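Let's take a walk through a protein model together. Keep the sequence and the 3D view side by side as you read.

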Amino acid sequence: MNTSLVGDGEAPMASPGPSSACTGGPATSAVALAPDAKAQSAFLARIANVAEVLPSDVTLITANGSRHELHRFVLAARSPFFQKMFASGMREGSSGEVHLADVD
């Protein structure tokens with residue numbers, strides 16, 4: 001994998017490996033993107049805007065019973081714990097409720 005610096009102090013950006021379009025099969029490696037700060041900021045603003053418009057699809061229920069309506073996409077993108085929970089077929093993925101017994 002070839003890496004190069006994208007800008008001053010930014011993380012390296014990997015060049016893409018073979019993709020399904022090139023090889024006729026599934027992609028064999030992930031591509032890490034390191035957009036410039038302006039593009040990243042615009043993307044995050046768009047995600048926040050979409051999250052406000054679309055209805056939430058999961059409810060976090062804490063130990064004290066408080067309920068927090070959220071988006072599973074955002075949780076999964078920010079946390080490997082939630083990504084695995086929603087992608088693995090656990091009941092929380094299909095029920096739409098996640099009980100967090102250790103969180104008040």
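The paragraphs below go from the whole chain to its sheet, and then to some side chains. Please keep in mind that this is a predicted model.

Let's start with the overall plan. The protein chain has 104 residues, and 18% of them are buried. Its secondary structure comes to five helices and five strands. If you travel from the N terminus, you will meet these elements in the order β-β-α-α-β-β-α-α-α-β. Look, too, at how the chain touches itself: of the contacts between residues at least 6 apart in sequence, 32% join residues at least 24 apart. The outside can be described as well, since the protein chain exposes about 7,800 Å², with carbon and sulfur atoms supplying 59% of that area.

Now turn to the strands. Which strands form an open sheet, and in what order? There are three of them, arranged as β4-β3-β5, and their pairing is mixed. The strands β4 (67–70) and β5 (97–100) stand at the edges; each has a single partner strand, so one side of each is left without a neighbour in the sheet. On average, neighbouring strands of this sheet are turned by 20 degrees against each other, if direction is ignored.

The word "mixed" makes sense once you look at each pairing. On one side, four bridges join β3 to β4, and these two strands run antiparallel. One example of a bridge partner here is H68 in β4, which pairs with L60. The two strands also form a hairpin, with four residues between them. In the turn you will find G65, which has a positive phi of about 90 degrees.

On the other side, strand β3 (residues 58–62) is joined to β5 by four bridges, and this time the strands run parallel. You can trace the pairing residue by residue. T59 stands opposite E97 in β5, I61 has H99 as its bridge partner, and T62 has L100.

Is β3 enclosed or open to the outside? Five of its five residues are buried, so β3 is largely enclosed by the rest of the structure. Its side chains point in two directions: V58, L60 and T62 go one way, T59 and I61 go the other way, and all are buried. Compare that with β5, where the side chains alternate between two faces. V98 and L100 point to one face and are buried, while E97 and H99 point to the other and are not.

E97 leads us to the charged side chains. How many salt bridges does the structure hold? There are two. In one of them, E97 pairs with R67, and the closest N and O atoms are 3.2 Å apart. This pair links distant parts of the chain, as E97 sits in strand β5 and R67 in strand β4, 30 residues apart. Buried means under 20% relative accessible area and exposed means over 50%, with partly exposed in between. E97 has 30% relative accessibility, so it counts as partly exposed. R67, at 47%, counts as partly exposed too.

The other salt bridge is formed by R72 and D57, whose closest N and O atoms are 3.3 Å apart. It also links distant parts of the chain: R72 belongs to helix α3 (residues 72–78), D57 lies in the loop between α2 and β3, and the two are 15 residues apart. D57 counts as partly exposed because its relative accessibility is 36%.

Stay with helix α3 for a moment and find A76, which lies in this helix. Leaving aside residues up to four places away in sequence, A76 touches F82, Q83 and F86. A76 and F86 are ten residues apart in sequence, and their C-alpha atoms are 7.4 Å apart in space.

For a last stop, let's visit the surface. V50, V53 and L54 make a nonpolar surface patch of about 280 Å². V50 lies in helix α2 (residues 37–53). With a relative accessibility of 39%, V50 counts as partly exposed.

Methods. Residues are numbered from 1 along each chain as its sequence is written. This is a predicted model: local features need pLDDT of at least 70, side-chain atom pairs count only at pLDDT 80 or more; totals for chains, interfaces and linings use all residues. Side-chain values use heavy atoms; hydrogens and water are left out. Two strands pair if DSSP finds at least two bridges between them. Axes are lines fitted to C-alpha atoms, for helices over the stretch in contact, and angles run from 0 to 180 degrees between N-to-C directions. Patches are made of residues with over 30% relative accessible area and no salt bridge: like charges are joined within 9 Å, nonpolar side chains (Val, Leu, Ile, Met, Phe, Trp, Tyr) within 5 Å. Accessible areas come from the Shrake-Rupley method with a 1.4 Å probe; for residues, only the protein chains shown count as cover. A salt bridge is a side-chain nitrogen of Lys or Arg within 4 Å of a carboxyl oxygen of Asp or Glu. Buried means under 20% relative accessible area, exposed over 50%, partly exposed in between (1.4 Å probe, protein chains only). Contact means heavy atoms within 4.5 Å.
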